[in-house]
Amino acid sequence: MSKKHVVLLFGGNSSEHDVSKRSAYNYYQALKETGKYDLSVVAIAQNGFFLDAKRSFEIMNQADEAPLVAEYMQSIDPKETLAPIAALKDLPPIDIFFPVVHGNLGEDGTLQGLFRLLKKPYVGAALRGHAISFDKVITKEILTANGIRNTKYLVTYQNDDQPLTWATVEKELGSPVFVKAANQGSSVGISRAENEAEYQAALADSFKYDRKVLVEAAVNGPRELEVGVIGNDDILVSEIGAHQVPDQGGDGKGWYDYKSKFVDNSAVAFEIPAKLPEDVTAEIKAMAKKAYQVLNLAGEARMDFLIDENNVPYLGEPNTLPGFTNMSLFKRLWDYSDINNAKLADMMVQYGFEAYEKEQQISYSFESLGEEKVGTFNGQ
């Protein structure tokens with residue numbers, strides 16, 4: 001039987017472009033290890049153009065990207081309507097897409113809409129699951145409506161007639177708070193603020209990334225936890241992982257920022273499984289599973305939690321396309337849960353095929369309208 005052709009897409013125009021390269025490399029090696037698939041890679045340059053497989057493979061392996069992109073752009077007519085995705089037509093027949101594009105395009109539902117138009121299976125949640133979960137405000141509203149504990153919050157918009165003042169924030173949420181661009185990932189556009197000056201600076205930074213900003217109450221004496229979730233209808237939840245950066249907890253100002261996640265986590269203390277009371281462990285896993293369901297997720301996700309000094313857990317946010325770099329806790333959680341990289345990647349591909357088959361069973365039939373017979377208006 002011929003092998004299925006898997007196309008890994010990585011890169012994109014988000015701040016997590018380089019993170020995506022590292023995740024794609026690890027997924028490529030994991031899928032290669034299974035021996036079950038023919039593999040191609042497609043890099044999405046920061047200008048949004050899909051690159052050919054040869055240049056993409058070089059970029060995934062850390063070649064200098066800029067000259068390769070420039071070469072490719074010289075070889076095409078960028079004004080053609082389908083030029084941004086034209087590289088796909090030069091690939092062998094595609095059986096399934098495996099998006100590894102963190103942030104914009106990959107986690108906001110854009111690529112999933114393309115896959116659906118192309119009538120191809122893909123790994124991960126459907127468009128609506130990504131789009132809902134990528135918006136931190138909508139996510140919190142859905143979590144709250146479904147009784148899933150999360151931190152208290154306020155929302156402000158860049159064009160508000162009456163901007164959200166620090167006095168209101170401090171009264172409603174206390175101090176410190178975290179100010180977050182509503183549609184960004186991996187700690188981009190996120191700042192900690194505990195006074196008027198820091199709050200205004202945080203707003204200015206977050207508004208660089210989105211017109212909608214979430215202002216979120218801090219948790220007392222926090223520990224940060226992560227849980228991996230995979231599957232479609234039959235959902236698997238990993239062990240819980242904990243991490244703590246220096247000067248975190250109590251009145252400390254440390255938190256798990258972009259640098260700690262992807263650049264240098266040598267000072268971060270990790271713990272798998274997290275040392276928690278059994279009932280708290282069970283509660284967090286149940287919260288993660290329920291959130292996965294109500295947010296319409298599938299294939300894979302990572303759920304981020306905060307737990308306070310009294311061991312009360314709060315669901316922070318979902319990540320619908322979690323990092324798979326050597327520093328990513330999602331990768332390590334499944335290792336500890338006795339699912340190695342190759343098995344995990346293989347399972348995710350199979351979930352993609354399974355979801356596609358079920359999607360094909362949904363009826364989109366319509367009834368022909370026939371001849372129009374318009375009613376009268378004002379007796380005429």
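Two residues are in contact when heavy atoms of each lie within 4.5 Å. By that test valine 280 is in contact with Ile307 and Asn311, leaving aside its neighbours within four places in sequence. The model is predicted.

**Valine 280**

Valine 280 sits in helix H10. Its relative accessible area is 5%. Buried means under 20%, so valine 280 is buried. Valine 280 is 236 residues from isoleucine 44 in sequence. In space, the two C-alpha atoms are 41 Å apart.

**Helices H1 and H12**

How do the axes of H1 and H12 cross? They cross at roughly 90°. Helix H1 covers residues 17-34, helix H12 covers residues 341-360, and their axes come within 8 Å. Angles of 65 to 115 degrees count as roughly perpendicular, and H1 and H12 are therefore roughly perpendicular to each other.

Which residues make the contact? From H1 come Tyr27, Ala30, Leu31, Glu33 and Thr34. From H12 come Asn341, Ala342, Ala345, Asp346, Met348 and Val349. By class, the contact of H1 with H12 has seven nonpolar residues, two polar ones and two charged ones.

Alanine 30 gives a residue-level view of this contact. Alanine 30 belongs to helix H1. It touches Asn341, Ala342 and Ala345, not counting residues up to four places away in sequence. These three are among the H12 residues of the contact. Alanine 30 has a relative accessible area of 2%, so it is buried. Aspartate 338 is 308 residues from alanine 30 along the chain. The C-alpha atoms of alanine 30 and aspartate 338 are separated by 15 Å.

**Aromatic rings**

How many aromatic pairs does the structure hold? There are seven. One of them joins phenylalanine 115 and tyrosine 122, with ring centres 5.4 Å apart. Their planes stand at 40°. Planes under 30 degrees apart count as stacked and over 60 as edge-to-face, so this pair is tilted. Phenylalanine 115 is buried, at 0% relative accessible area. Tyrosine 122 counts as buried at 14% relative accessibility.

Another pair is phenylalanine 330 with tryptophan 334. Here the centres are 6.4 Å apart and the planes stand at 75°, so the pair is edge-to-face. Both residues lie in helix H11, residues 329-336. They are four residues apart, about one turn of the helix. Is this pair buried or exposed? Phenylalanine 330 is buried, and tryptophan 334 is buried too.

Tyr27, Phe98 and Phe324 form one aromatic cluster. Tyr27 of this cluster is also one of the H1 residues that contact H12. Phe324 of the cluster has a charge over its ring: lysine 331 lies over the face of phenylalanine 324, at 5.9 Å from the ring centre. Lysine 4 lies over the face of phenylalanine 353, at 5.8 Å from the ring centre.

**Backbone in the loops**

Four backbone entries follow, each with its angle and its loop.

| Site | Backbone feature | Angle | Loop |
|---|---|---|---|
| Serine 175 to proline 176 | cis peptide bond | omega near 5° | proline 176 between H7 (166-173) and E5 (177-181) |
| Isoleucine 272 to proline 273 | cis peptide bond | omega near -10° | proline 273 between E10 (269-271) and H10 (278-294) |
| Glutamine 62 | positive phi | about 75° | between H2 (53-60) and H3 (65-74) |
| Lysine 119 | positive phi | near 60° | between H4 (110-117) and H5 (127-134) |

The loop that holds proline 273 leads to helix H10, and H10 is the helix of valine 280.

Glutamine 62 is not a glycine, although its phi is positive. Lysine 119 likewise has a positive phi and is a residue other than glycine. Are these two side by side in accessibility class? What class does each fall into? Glutamine 62 counts as partly exposed, at 49% relative accessibility. Lysine 119 counts as exposed, at 62%. The cut-off for exposed is over 50%, which means lysine 119 meets it at 62%.

Definitions and conventions
Residues numbered from 1 in each chain as written. Predicted model: local features only at pLDDT ≥ 70, side-chain atom pairs only at ≥ 80, totals over all residues. Heavy atoms only, no water. Axes fitted to C-alpha atoms, helices over the stretch in contact; angles between N-to-C directions. Helix = DSSP H or I, 4+ residues; strand = E, 2+ residues; numbered from the N terminus. Parallel < 35°, antiparallel > 145°, perpendicular 65-115°, else oblique. Nonpolar A, V, L, I, M, F, W, Y, C, P; charged D, E, K, R; others polar. Phe/Tyr/Trp six-rings, centres within 6.5 Å; stacked < 30°, edge-to-face > 60°. Buried < 20%, exposed > 50% of the residue type's maximum accessible area, 1.4 Å probe, protein only. Lys NZ or Arg CZ within 6 Å of the ring centre and 35° of its normal.
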